[in-house]
Structures are given as C-alpha cells and as structure tokens.
Amino acid sequence: MDTHSALYEQGRKRLEELRQLPPRQDKSLQERMLEHGVTRRDFMKWSASVTALLALPLPFSNLVAEAAELADRVPLIWLHLAECTGCSESLVRADTPNLDSLIFDHISLEYHETLMAAAGWQAEENLEHALKTYKGNYLLAVEGAVPTANNGAFLTVGCKGHTGLEIIKEAAEGAAAIISVGTCASFGGVQAAAPNPTGAKGVYEVVDKAVVNLGGCPPSEKNIVGTLMYFIMFGRLPALDMYNRPKWAYGARVHDNCERRGRFDSGEFVEQFGDEGAKQGYCLYKVGCKGPYTYNNCPTERFNHHVSWPVLAGHGCMGCSEPNFWDDMADFEKPLGRQLLHGLDATADTIGAVILGATVVGIGAHAVASLFVGSSKED
Amino acid sequence: MNQRVVIDPITRIEGHLRIEVEVDENNVVKKAWSASTLWRGIEVILKGRTPMDVGLLVQRICGVCTYSHYRCGTEAVEDALGIKIPLNARYLRSLMHTSLFMHDHVVHFYHLHGLDWVDVVSALSADPAKAAQVALKYSDKPIAAGEGELRAVQERVKGFVETGKLGPFANAYWGNGTYKFTPEQNLIALSHYLKALEVQRVAAEMLAIFGGKQPHPQSLVVGGVTSVRDMLSPARLQEWKQKHDIVADFIERGYKADVIMAAEAFGGEASVLGGVNVHNFMATNDFVTADGEYIFQEGVIMNGDLKNVTDINPDLIAEDVTHAWYKADKPQHPYDGTTIPDYTGLVERDTVYGKLPTLDGDNKYSWVKSPRYNGEPVEVGPLSCLLVNYAKGNKVVVDAVNGLLQRTGLPIEALFTTLGRTAARMLQTSIVAQESIKTFNALLTNMLSDEATYVKPVIDPNKEYVGHGMIEAPRGMLSHWIRIKGGLVENYQAVVPTTWNAGPVDANGKVGPYEAALVGLKLEDPAKPLEVIRIIHSFDPCMACAVHVMDYKGQSLGEFRVDAKSL
C-alpha cells in the first residue's frame, strides 16, 4: 500500500501542475458532458472502469476523473513509419473513451496522418508547428518500425523528403514521453522478420529516451488508451516489464487467464481444427497456441468492445506482443514445445491415458516463461 | 510557365503516398506522378516459411483491408494444394468479408474521403432547424439529423473550434470554392461523420464475432476456419445479425442519403466530373451466397466497351518496373518475377512551395510497380465491379445503379467520374449489406446437416505446387500468387488493387489510373490542391498493400540490403 500512496501523491502533484496550465476550453468537462447527456454518475462509472483497467485501487478513480477533466491540455503527436495502419484502426475502435471524446475532450490531437483534415505541405506545417510550440510537453505516439538500411531511405515522408529515421529522431527530442504503439514500433514487427531487408528497428533502438512499448499486432484499443490515460494522470510512465511494456497490461501470460485454462489442466486438447474438441472449446496448445509464452491481457480485455479474441475464435495465440515472434514462434500451428520443450509433446499425446501428463506440459511451459519473469525489472 | 505542386503526405489514407502535378498558367494539370515512399519487403520475408503461416503474415501487408489479404493468401495456398474447403467455411469467410466491406467503406467515405466534400467550418454557421428539414429531402427517415441532434453536434464542434485549437481539423483547405454543400448540408454530413465513428465500431465487432478480432482477425487456416464454436452458437449468429442490421440501417439512411445529397450538390462541379481516364476495368467473382453463386461476377472491360465483357485470363497479368525503384528488364508474370530494389532518390527543383526534392518522373520514382493486363493499364475497385456487373446484366447491380441514376437525375455517364467512383462504393456497400443475408441463411440451412469447417491440408515435400487466390478486396481485385517447393514457400507475390491504380508510367509510356485521372483537372489554388486530394481519395489508396516485391528466386538475400543507392 506504501507504493500506492506514493503513486497517489505523485498523481496528485501531477494534476496540480496541469491545473496551472491555461485551460483550452471555456466550459469545464462537466458542463460539456451535461450538454451531451452524460451525467456525473456515468462519468464516475467510466472513471472507475478505467481505474480497474489500470489495476489500481478504487480510490484512484477520483484521480482518473480529475485527469480526464484536465487531459485536454496534453498535445498528442502520432507518427506513421513502416506500418500497415492496423494500430490506428485499433485506436479508431476505442470505446473507453471513444475516439471522438478522446479528440474533443481529452487530448489535443496535433498530428495524425490517417485522421487529420490537412494534407501535404499544410500537414507538414502542422507537424513542424506542434514540435516547436509544445517542445518538451507533447506525447509522442509512434506506429510502425524505423527502416534504417540505406540511410533510412526505404521510407520518406513529407514534401521535404525527410526519412522516417530523421523524423523520429527530431520528434523524440522534444517529447515528454514516447509510446511505441504496436509490435512494429516496439520491436520492428513484421518487416524486421528474417531477413529484415530494410533494417527495420523498434523506436527504442534509434532514440536516446525511455520508450513505452505496447506490443501487439495490433495492441487492443484498451491498451492504447489506457496507457495514454496513465501518462496524463501521473505525468510519468507506468511500471514496465523487461521489454518496457506496461505491467498493468502485460503483467500476466495469456495462458494464466485463458478461458480454456481448465481444459489445459485437465489434459483436454484440440487435436485438429474443427474436431469434437474444437466444438467443445478444448485447449489449443497442440494446434500451436503460444499463450504460455506471451504476456498480454487479451483473455481478460478481449478485443472490439470485449466481443472476442483469437482463442475464443478457436485459433491459438500467435504471440504477437513478443519481440521477434514472427521468427521465434513460427510455425504457428505447431506447439512451440517441439523446439523448446523436447519430449514433452510426446507426453502431452499420452495424457488421454495419464491425466497428470498435462501438468508436465504445464510445468515445462511455466519454467520457460518464468525465465522472463525472473529477469523483468521494476520501473 | 508551368509550376510543380508537391503533395506529401497524402493524409487520410493507409500508408505513405506522394503525388506531384505540373500545372500550366491556367492552373490546369498537364502531368501527374504518383509514388509510394515506403518499402517493407514482405514477400522476401515469406521465403522459406511454412505455407500454413502465409495468411497470418500477408495479412500484415495491411491493417485496413486486413481480412482481404488474410483470406486471399490462405486461398492461394489452398488453390496450390488443391484443397476444397467445407461449405460452412466458405459461408463464414463470406460473412467476414461482408463485415469488412461494411466497415471499410463506411470509414472511407466519412473519415477518410468525407472532409474532401464537407467543409467543417461552414457547418458552424448552419441553421439546425433548417438543416433538419433539408435532411428529409435525402431520406424519409434521416439518421442523426433531427434538429436537436444537429444543434448538439454544432455546439460541440463550435466549442472546440472557438478555443483556437482545431486539432485534427487544423490547416485544411476550408473555404475552397469547390466545396459545394450549403452550411446546412455540411452540418448534416458532419453529424454523420460523428455517427459513423460509432457505427464503424459495431461493423468491426461483426467481423470480430467470427474472426476473433478486428483489425487482424485470426480464425482462418489453410483448409477452413477455426471459429466453429461461434458458428454453432445461435446467440453468436444472432449477435452478427443484430450488428449487421444496425450497420445496414446506417448505410441506407445515412451513407446513401449523403451520396444522393453530394450528387445533387456536386453534380455541376467540374473538378469531380472527370477523373476516369483509363477506360479499362476489371473485377472478379466474389461474395458467395449459395454453393456456386456469387453477388458479383468476374469480367474485363477494355476501352470502355460495355458490350464486350470477357473473363479474366490470369496469364495476361504482368508487372512492369521501368519507373519503379526495382531492377528488371521486362514485364514479369507474378509467378516468374525477380526483385532487386534500386532506389535512385529524389531530384531537387522549384515548386510552388520553393525548392524541394521531387520525383524524377523521367526515370524511377515509386516503390509501386505497374501491373498491366495484356499490356494495358486497368482500373480496379468498386466502380469497376459495378461496371462489369452492370454490363453483364447482373440484376441486383443493374437495379441498384438505375435506381441511383433515377433518384439523382444523373445520366449514366456520371458513373465515369470521381463522383461516380464515390457513389459506386456506396452502392457496392449497400448491395453487399442486403445480399449477404442470403449467405447468412445459406449457412443456417447447411449447418442443420453439416458441421464441418475444416479439412486437413497435406503437403508432399517432394512435390512442387503453384497456385493463386483472386478476390474482391474493398479497393478492388486482389490476387496472391504462390510457389511451394520442399514443403516451404519458394516464391510469393501479391498483385493488389492499389498497385493496379497507383502504379507509375510503364515502358510504353502508358500511365495508370491515378496519374491519368489528374490530367486536365483545374485547380483553384495550386498551393492548396484540394481537388487533387479529392480525386486521389476517390480511389481509396492503400499504399502498404501496393508496395511489395516480386520473387527473389535465385538471389542472395544480402542483395536487398546493399543494392539501393542512398539519397
């Protein structure tokens, strides 16, 4: 609880600082919400759910509520590098808060190529203006990897033809915090898979600042918005794991909270897609699930307003929030155990007869995973 | 004295696109160049991987038409291996495809293309009461367009604008003379812009029901689909149907009404009445409604001749790289290409914004290749799909097109325009939304006697396999081509819609649809080229899709790193 009180104090201090800044809007958020039919009660409910999402004790929901009211003073610059726009698409799906209230009420979106009205020369002016005006104060979100081969020339953006490498270095310079949204910005992603023809790297590898990595291809909308809210509330980065992922979202393995975990423990496995086990919702480990090796909150938060997640749809987790997963966890329909846990698959195959075999697989998987946990660092 | 206009980044699209045009003293576009400025090398990365992982990996070509590549890549492998997937799997894939179209086209029209037609600043001076009356002209049951709703939207945006910080609306081309909506019409569209943000979330949820998540769903495998439990759950099926109805309702009362409103307001605007200057169109069979039946049928139209629609001959497809940043001495069929990146950089010259690095149009200038059909450039996309099906007499399409022409009073020629391209996308969405209920019902019927969703693929490592997948993605005809050897991917290529449309000029001087579309366009102010952006957006660019490499057969992978020149 000591840690929590310290954190609470820090949050309070941060909000005081924010309060000193000039307001961006005449009316308070409360007034604006009332105009839109959102009651104080609804708002407090929302704050409590964000608090729970961030794995903080309930008293923090006051801070969340206050932060939301002050949040529109934090400028956000969102850059696209070597990417597929999947992370922006994920952001567009956000529902707590949803995108329009995020933009109108919570942040000041200064630059975002998929959403902004300006184009070309005028868009580049917006970026230059924001980098200068808000130097030292803006949040920088990055989507996509940084191509570094060929002096970065595999990506240029803007009328002036600057490379992605130049742009990210300049933008990182004045950022109050940097958030790598998705596995590409975090760890290089798909273009960094072997043989990595463009020398694609994660943002943290090319800038000299701390970077929060939101692994996931794409990360869920909850993990993106939750991380933004954390920064706004506390003016600092959340506690991170060894890969600089926020612990509140990436603190547990997919396997730990999986809805099929009971099937795993009972030794009930899908042997082939579409079989009786698949119809019954058995464990997907033997058809390639990487849940035991992957840190993310997919089983608890799911995707798209809690509608589903890959394991519910009958497909094993592919490990998309882990570094190098395209190489380390392929091929995706085979258990990783065939590489790392020699002999254990044979055990798994016999567990129909010897139920405890499942535990052996479990112990093996957990042993590997605990290597990661053991070396993870506190923020 | 001609002037060069540089537009980079083209915003509100997927990916990195640069357009340059040259205008004469009357501000009329004489020449245009289209370039992608990012290369990622996905197909190189596919080399030596198991064909079972292809779908998951090629899906990462794009996070917007995310499901299209997933499905097309998976079906290319199935074609190569000669696998016929169970009927239920075909229906489920079709329903997921429906969900993608209903999502993607709505987001494109409102959030990407919309601000080219809608002047947000003008909406702030509208009279909400009057606007509510205006909305009744375009739909007898308008959505999110009652007086109270419009007033709330207006006040919300007004409050936002009055702070002096426009956020995502800052520094756009507001006030440009080619914006044609009245303040009231702008306000209606602005309200729908916000409503569509809500509706697109529901559309994404539709796909997530059978797909696990959206973007980047995860329920297709070579041999079928994995979401058998969702299929067998009546609750899940109804969840899809319920969300489908919400989105379909918005498409009819919002999207369709807004396109009719735009057709009326922009029907006399010169800058949107051109823009279809390549008169070759192509589309493929897609959207299974029953075993062997499709909503849309395949065909090729050359030289605008709607009377002669031929079937697609896959052998006639080849890609030219004369003006793309790759080395190759002749056009190559997707099965037999080579790839060597050859980046030659930009050239400094005077532009309307002063001295800037610009595209070297005489030489190489884009990461997009130039696909050709029998040596000719071809436009693909919703307009092509509707034209092919209209020409073939596909009743659903003929009725939809004629209905819209009748409702707007526009002649059939109006289809061959930027406005027509945007209207065609709406009609395609509406048709997909309505007709897909047949697929849904076919699934329900089939499930009563058949629960199969998967057949296990078999690969013989001693055999060599070749195959391709061909589907209609939201941006047009998409094809993936694969060669399998030793049980692994030996060769892979995607020929995607945006490559067909956005490719640079070829060896014979033939220009692609983007570049052709811009020639002859008159700009109000070359320093604020709204008209160019509107035409380019009407194609719905998707650059990450468009940029990829041809095969790497016989080459050392090291070449990809060292061969390009620096800036």
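**Exercise 1. Describe how domain 1 and domain 2 of chain B meet in this predicted model.**

Solution.

Step 1, the parts. In the domain assignment of chain B, domain 1 is made of 3-83 + 276-416 + 457-566, and domain 2 covers 106-271. The centres of these two domains, taken over C-alpha atoms, are 27 Å apart.

Step 2, the contact. Domain 1 of chain B brings 34 residues into contact with 31 residues of domain 2 of chain B. Between them the two domains bury about 2,800 Å², and carbon and sulfur atoms give 62% of that area. On the side of domain 1 of chain B, 25% of the buried area is supplied by B:Arg12, B:Leu530 and B:Arg534, more than by any other three residues.

Step 3, the polar part. Between domain 1 and domain 2 of chain B there are 14 residue pairs in polar contact (both at pLDDT 80 or more), and the salt bridge count is 1. B:Arg12 forms a salt bridge with B:Asp116, with 3.0 Å between the closest N and O atoms. This can be checked against the cut-off: a salt bridge requires the nitrogen to be within 4 Å of the carboxyl oxygen.

Step 4, the elements. Helix 2 (54-59), helix 3 (66-81), helix 12 (395-408) and helix 16 (530-538) of chain B each give two or more residues to the side of domain 1 that touches domain 2. Helix 3 of chain B has the largest share, 8 residues. By class, this side of domain 1 of chain B has 17 nonpolar, 7 polar and 10 charged residues.

**Exercise 2. Describe the contact between domain 1 and domain 2 of chain A.**

Solution.

Step 1, the parts. Chain A is divided into domain 1 (73-249) and domain 2 (254-378). Their contact takes 26 residues from domain 1 of chain A and 21 residues from domain 2 of chain A.

Step 2, the area. The two domains of chain A bury about 1,900 Å² between them, with 51% of it on carbon and sulfur atoms. In domain 1 of chain A, the residues that lose the most area to domain 2 are A:Lys222, A:Met242 and A:Arg245, together 24% of what that side buries.

Step 3, the polar part. The interface of these two domains of chain A has 1 salt bridge and 10 residue pairs in polar contact (both at pLDDT 80 or more). A salt bridge joins A:Arg245 and A:Glu322, whose closest N and O atoms are 2.7 Å apart.

Step 4, the elements. On the side of domain 1 of chain A that touches domain 2, two or more residues come from each of helix 9 (182-187), helix 10 (221-234) and helix 11 (247-250). That side has 12 nonpolar, 7 polar and 7 charged residues.

**Exercise 3. Describe the interface between chain A and chain B.**

Solution.

Step 1, the contact. Chain A gives 94 residues to the contact and chain B gives 99 residues. The chains bury about 8,200 Å² between them, 58% of it on carbon and sulfur atoms.

Step 2, the polar part. Between chain A and chain B there are 4 salt bridges and 44 residue pairs in polar contact (both at pLDDT 80 or more). A salt bridge links A:Asp100 and B:Arg156 at 3.0 Å, N to O.

Step 3, the elements. Among the elements of chain A that each supply at least two residues to the side touching chain B are helix 6 (99-106) and strand 2 (108-112). Helix 7 of chain A provides the largest share of this side, 7 residues. The side of chain A that touches chain B divides into 44 nonpolar, 32 polar and 18 charged residues.

Notes
Residues numbered from 1 in each chain as written. Chains lettered and ligands numbered in written order. Predicted model: local features only at pLDDT ≥ 70, side-chain atom pairs only at ≥ 80, totals over all residues. Heavy atoms only, no water. Domains from an automatic or database assignment. Contact = heavy atoms within 4.5 Å. Buried area = accessible area lost by both parts, 1.4 Å probe. Salt bridge = Lys/Arg side-chain N within 4 Å of Asp/Glu carboxyl O. Polar contact = N/O pair within 3.5 Å; in protein donor to acceptor, adjacent residues only side chain to side chain. Helix = DSSP H or I, 4+ residues; strand = E, 2+ residues; numbered from the N terminus. Nonpolar A, V, L, I, M, F, W, Y, C, P; charged D, E, K, R; others polar.
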